[in-house]
Amino acid sequence: PIALEDIRKLIETCQSGSFTGERDKSIFFFLLDTGARAQEVCDTNITDVDLNAGTVMIRCGKGGKSRMVFMGRKTRRALRSYLRTRQDRSPALFISVKDGERLTYDGLRQLLDRRAALAKLEKKPVLHGFRRAFALNMLRSGVDIFTLQRLIKQNDLQVLLRYPAQNHQD
């Protein structure tokens, strides 16, 4: 999983008030807070997000399955700031600077690489590291493995059973 300290450093590279700074910061919070897969983040529409309730409907999850994920106050605040910078009509929650189109998986990976270089991170982070960090943080907060399985829609319980071992190592 990506270290929380590394996420903090990534967020510190995001300039407040600028489109890319607000977008990137909200993406980092969103990834960590929801446990969504990178492609699910790219596929999310603005209408899938309820900022008041703190919920997001993931409509096109792995295997075509839908699920509801949750986000906290910081993520909702970051999303509101980001959405205020938008001046387009795209239905996509996260859009590209270059063409205003839906952010792609490759674009998401590139923005993470750019921010990691700006933050001078020792270890290059991967997008799936946010999902792993989410799972590990949930376990550390006392969530049981079966609830976590439902939250992140992981069919293979064996994959999730690796996390408690990491929880004791860190």
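**Helix H2**

I started with H2, which is mostly covered: 12 of its 16 residues are buried. I kept in mind from the outset that this is a predicted model. I then listed which residues of H2 are buried: Gly 21, Glu 22, Arg 23, Asp 24, Lys 25, Ser 26, Ile 27, Phe 28, Phe 30, Leu 31, Leu 32 and Thr 34.

Next I checked the length of H2. With 16 residues at 1.5 Å a residue, H2 should span 22 Å, and its end C-alpha atoms are 22 Å apart, so the two values agree. I also looked just past the end of the helix, where Gly 35 takes a positive phi of about 75°.

**Aromatic pairs**

How many aromatic pairs does the structure hold? I found four. For anyone keeping notes alongside me, a pair of aromatic rings is described by the distance of the centres and the angle of the planes.

I began with Phe 28 and Phe 130, a stacked pair at 5.8 Å centre to centre with 0° between the planes. This pair links distant parts of the chain, since Phe 28 sits in helix H2 (residues 19–34) and Phe 130 in helix H6 (residues 128–140), 102 residues apart. I looked up the accessibility of Phe 28 and Phe 130 as well, and both are buried.

Then I turned to Tyr 82 and Phe 94, which are also stacked, at 5.6 Å centre to centre and 25° between the planes. Tyr 82 belongs to helix H4 (residues 73–85) and Phe 94 to the loop between H4 and helix H5 (105–119), so this pair ties together parts that are 12 residues apart in sequence. Are these two rings buried or exposed? Tyr 82 has 0% relative accessibility and therefore counts as buried. Phe 94 is buried too, with a relative accessible area of 1%.

I followed the ring pairs a little further and saw that they link Phe 19, Phe 30, Tyr 82 and Phe 94 into a cluster. Phe 30 had already turned up in my list of buried H2 residues.

**Strands S2 and S3**

I moved on to the strands. S2 (residues 55–58) runs antiparallel to S3, and four bridges join them. Which residue of S3 is the bridge partner of Met 57? I found Met 68 there.

The side chains along S3 (residues 67–70) alternate. Arg 67 and Val 69 point to one face and are buried, whereas Met 68 and Phe 70 point to the other and are not.

**The largest pocket**

I looked up the volume of the largest pocket, and it comes to about 270 Å³. Its lining has 18 residues, and those nearest the centre are Arg 23, Ser 96, Leu 103, Gly 107 and Arg 114. Arg 23 is one I had met before, as a buried residue of H2.

Which helix gives the most to this lining? H5 does, with seven residues. H2 and H5 each supply at least two residues of the lining. I sorted the lining residues by character and got four nonpolar, five polar and nine charged.

**Lys 123**

My last stop was Lys 123, in the loop between H5 and H6. Its relative accessible area is 64%, so Lys 123 is exposed. I also checked its separation from Ala 3: the C-alpha atoms of these residues are 9.9 Å apart, though 120 residues separate them along the chain.

Key. Residues are numbered from 1 along each chain as its sequence is written. This is a predicted model: local features need pLDDT of at least 70, side-chain atom pairs count only at pLDDT 80 or more; totals for chains, interfaces and linings use all residues. Side-chain values use heavy atoms; hydrogens and water are left out. Rings of Phe, Tyr and Trp (its six-membered ring) pair if their centres lie within 6.5 Å; planes under 30 degrees apart count as stacked, over 60 as edge-to-face and the rest as tilted. Buried means under 20% relative accessible area, exposed over 50%, partly exposed in between (1.4 Å probe, protein chains only). Two strands pair if DSSP finds at least two bridges between them. On a 1 Å grid over the protein atoms alone, a cavity is a set of points where a 1.4 Å probe fits but cannot get out, and a pocket is an open set with protein on both sides within 12 Å along at least five of seven lines; lining residues have an atom within 4 Å of a point. Grid points are joined across faces, edges and corners, and a volume is the space filled by probe spheres set on the points. Ala, Val, Leu, Ile, Met, Phe, Trp, Tyr, Cys and Pro count as nonpolar, Asp, Glu, Lys and Arg as charged, and the others, Gly among them, as polar. The expected span of a helix is 1.5 Å times one less than its number of residues.
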